[in-house]
Structures are given as structure tokens and as C-alpha cells.
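Q: Could you take me through one part of this model up close, residue by residue? I'm new to this, so please explain the terms as you go.

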Amino acid sequence: MRAARRLIFALCALCLLTAAQASPASADAGRYALVIGNSAYGDKPLKNPANDARDVALALANLGFEVQLKTDVGLRAMEEAIRDFGLKLKRGGVGLFYYAGHGVQVQGLNYLVPIGARMGSESDAKYECVDAGRVLGKMEDAGNELNIVILDACRNNPFTRAFRSVDQGLARMDAPTGSLVAYATAPNSVASDGSGKNGLYTKYLLDNLATPGIPIEEVFKRVRIGVMMETGKKQVPWESSSLAGYFYLAGGQPQGTAAYAASQVNAAQIAQQQRQQEQRLKEYLAGLEAEKRQVEQEKADLVRLRQQLDADEARKLKEAQAPQEARLKEQLAILETERKKLERERAELAAARAKAEQAQKAAQAQLEKQAAAQVGKVQVASVGPGVVVPSAPAPQVSVSAPAQSAVAKPARADDRAAVLQRLAGTWRLETDTGLPLPMLALKPGGDTLYGTLEGDPRVVNRMSLTGLAMEDGNLHVRMSVQPLRGNAVDLNDPRRFLREVLRGQQRDVVLECVGYLRAAENGDIPIFCERVDDGRPQDQRRRVAGRMVRAW
């Protein structure tokens, strides 16, 4: 009985060993690989995919794969290569597809981006790119023993501006029976392009492909551990597997019944580890999601705080500016009152001047009428406005004092001398705008009038008296301001006028003040001051009204 049991056990072990040798892990089955790497994109080129594809193709060739390598290929070339790959898989054996380059996710489907793809919107993906499901379809149609798909295409979407959705990385694809799909990172995540010759994921894949004695699941597990350690768990490679047997890329699988039992135990451990890893990954992703929500909440709080601070600053600024605005309104009101007062005074002065001119004309007409009545018809010759000289001797005409004060122009030298004598003394030149002008000291000499400037030395030293004349019964005073900066003199701004006088740097400015002697009231003589050096016509000059007030 015991011998029969041993015989049955030996037969079972032999069957199991035969089944294991006939499984997809057989090293004698045909091995076919299609390797594609796209780097030379027009808008968003990548550094590593072409290098990754060449290095993976070489490693697979050393492991006994019949490799078809394509780098930087367009849509038509990728489709033809996938079709040829599908035909080879129908021979049976093991099929391996590796792709490195740009990949995009559109409505839950993954697309591999060829060189020259023109993506104006999401709908262009199915016409300009290769559906990754097409590769799985070719493998499933071939009905071969084992298929492996490796996608190192989870980089940033190069067409973000043209896409409405914000999904990153690739979507999860379920592996058909007898297949394994490996991603460079978890679904909907982004992988690193790497800083060296190879991408981060492919670097660790190359380190573990040729390790003998470990099944394909262990290879990708070691790759995942290496990537997670280097990125601090920011990038977690992912696999979707429906393998039912054991496949060793580099051979060296265990032999015999004990080895098979050990492999079964190892498979259970691997399954347990995968479940634990999936659970940890879910917890990790949940933690990331919670952290993301917390960051968004903190960001919203910061935005609200900044808005509140801006509102407080605006309120404080408004409160600080309120007194200044009140003072400014008061100053504007004062200036407006002064302006109206000046306009009123100008109107009164113009009315007085018109009245004086009318009285002058009436007096002149009265004198001419009296002279004509006394001498009869006399021939006269005009020598100037308001002055008449008889052509033959005639009796003297007496003129009363009031009439004489209204004569337009002194007709005799003694009258001019009397006017000059009355002007003798020191006068203050005051303007309605408060212009800081020096005092004018006048001294007659015969029929000539002499004058000097007196007062504040800072002003007097910058100004000089360049003209003094009696014309048409008016006193003309011309002063030169030396030197002033450009044409910055403003007769309506006394502070600026004084500042420019004291800090002047370039050219002279000539001011002329005209005193209307016949319009004098209570000893004060009305004046108008204006600039005469800026080339403007007389009717366009800006005048400033004022008066000459006797100082002593």
C-alpha cells in the first residue's frame, strides 16, 4: 500500500512538472517584441524616450527576443509596426510591447502620440494618435500564450491648452487573460522624464530585466520599489495582471517538485504583498487627496485673508486721506473766491478805464470847441493823438484844473515835469496773485525819469530794471529776471515764481508792468503786468492786475 502511494505521488509530481514546463514560462517558446520610442516632438520634445527604446531593445535581444525597434515615427509607421507585430504573435509564444513617449487620456481611453500629431482639440486624438487598446486587441486576437505591455508614457499632457478635461497621465486598462500591463506610474498620475540618459522608470526596468531566477511580477515589483525610493513615493509604478502562470524573462526558473511548491508559496506571498501594496497605495492616494483638499482650503483662506487685508488697507488709506481732501476742498473754495474777486476787480478796472477814456474824449472835444470859439476858423496840423498845435499865433486858452487832469496826454513840458515830480518816491508793486516783485524807487531828472529796484536782496539780485518810460500818459516799467529755467515762470503762482527766480538756470524772462496814471485813486496807481519775451501776440498774453502803492 505504501509503495502504491509513493507511485501515485511520483506520477502527480511528474504531471505537475510537465505542466509547469508547458506553461507560458517556457524559455523555448518564441519571443517577439515591438519597441517604440518617440522624442522629437515639434512642440514638446522629450529627452529620453528614443534612448530608452534603444536600450530596452538591446536588453530584450540579449534575452532572446526578436525585436522590432522604431524611434521617432509618425502615425502611419506606428500603425504598420503594430499590424506586423500582431501577425508575428499568431505564431505563438510570448509578445512584449514597449512604448516610451507622450501619451494622453481622452474620455477614459489612452492614446499614444506619434511624431507630427496635430491636436487642435480632444476629438483629434482618435484620428492623430494610436489607441493603446489597439495593441491589446492585436495581442488578444493572436491568442498566444503570454503578452506584456509596458507603457512609459505618463508624462505631462503636451496639448493641455487644446483639451477641455484636466485628466493627467493614463487611464487604467484591464489586462486580457494571460496579459500584464505595466505603467510608469499610477493611473491619472504623471511620471518623471528623468535627468540622465534614460527615464526614471526605464532606468530601473533595465536594471532588473536581466536578473535571472525571478518571475516577471518580481521584476516589476523591484522596479516599483526603486522608483518609489528615488522619488520619495511621489511616483508609484503600477501593473494590471491576469497571468495564470510564471514567466522568467532571464530564465533560471526553479526545477522539480520542491521548486514548484516553493514557487506556489512564493506566488501566494507575492499575491499577499500585492494586496498589501494595493491597500497601501489606496491609503497613500487617499492621503494625497486629503492633503490636496487641505491645500486648496488653505489657499482659499489665504485669498479671503488677502482680500480682507486689502479692504482694511483701502479703508485706512481713505481715512488718512480724508483730512487732506477736506483741506484741498477748502483751498479750492478759497481759490475760487479769489478768482471771482479778481474777475470782479478786472471788470471794475475795465469799466473805470472806459469811463476815463470817455471823459478824456469829452474833455478833448470841449477844449477844441473852446479854442475854435475864440480864434475862429484856424488852420491846424495834427502831430499826435490828443495834441493840437495851431498853425498861426492864437490867444492862450485857459484850462480848469478838473479838465486838465483828464487830458489824454500832457501837452506841455511843464505838465510832464509835474507828473514826473509826483511820481518821485518809492512804490510797492502789488499784484492780485501776490507776485513777489521788488519795490520801485523813482527819481525825476529834468524831463527824464530814473529808477532803481529795492527790497528783498534774493529777488533784487536776480532782477534788473531794463526799461522806464512815459507813453500816452502811462508809466511803462520793464524788468528782466536773470536767469530763469526755461519758460517755467507762472505769474499766477507766486511761490513757483520766487522758486524759479532763486533757482533759475537758463534764459532771461522779461516782465512789463504798465501803470495807468489817469486812473489813480487815493494815490494808488492801477497796473497790469505781463510777459513780453515769449513771442505771443499781445491779445494772447496773460495779464496780472495789481496796483502801485506809495511806500514813502
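A: Two strands count as paired if DSSP finds at least two bridges between them. Strands here are DSSP runs of E with at least two residues, helices are runs of H or I with at least four, and both are numbered from the N terminus. Keep in mind that this is a predicted model, where local features need pLDDT of at least 70, side-chain atom pairs count only at pLDDT 80 or more, and totals for chains, interfaces and linings use all residues. Residues are numbered from 1 along each chain as its sequence is written, and side-chain values use heavy atoms, leaving out hydrogens and water.

Let's zoom in on the hairpin. Strand S4 (residues 103-106) and strand S5 (residues 109-112) run antiparallel, joined by four bridges. Pick Gly103 in S4, and you'll find its bridge partner in S5 is Leu112. Now follow the chain into the turn: two residues sit between the strands, and Gln107 takes a positive phi near 55°.

Which way do the residues of S4 point? Gly103 and Gln105 go one way, while Val104 and Val106 go the other. Whichever way they point, all four of these S4 residues are buried (under 20% relative accessible area with a 1.4 Å probe, counting protein chains only; exposed is over 50%, and partly exposed is in between).

For contrast, try helix H3 (residues 75-89). Met78, Ala81, Ile82, Phe85, Gly86, Lys88 and Leu89 are buried there. Those residues lie on the same side of H3, because they cover an arc of only 160° around the axis. Over on the other side of H3, Arg76 and Leu87 are exposed.

Conventions. Arc of directions from axis to C-beta.
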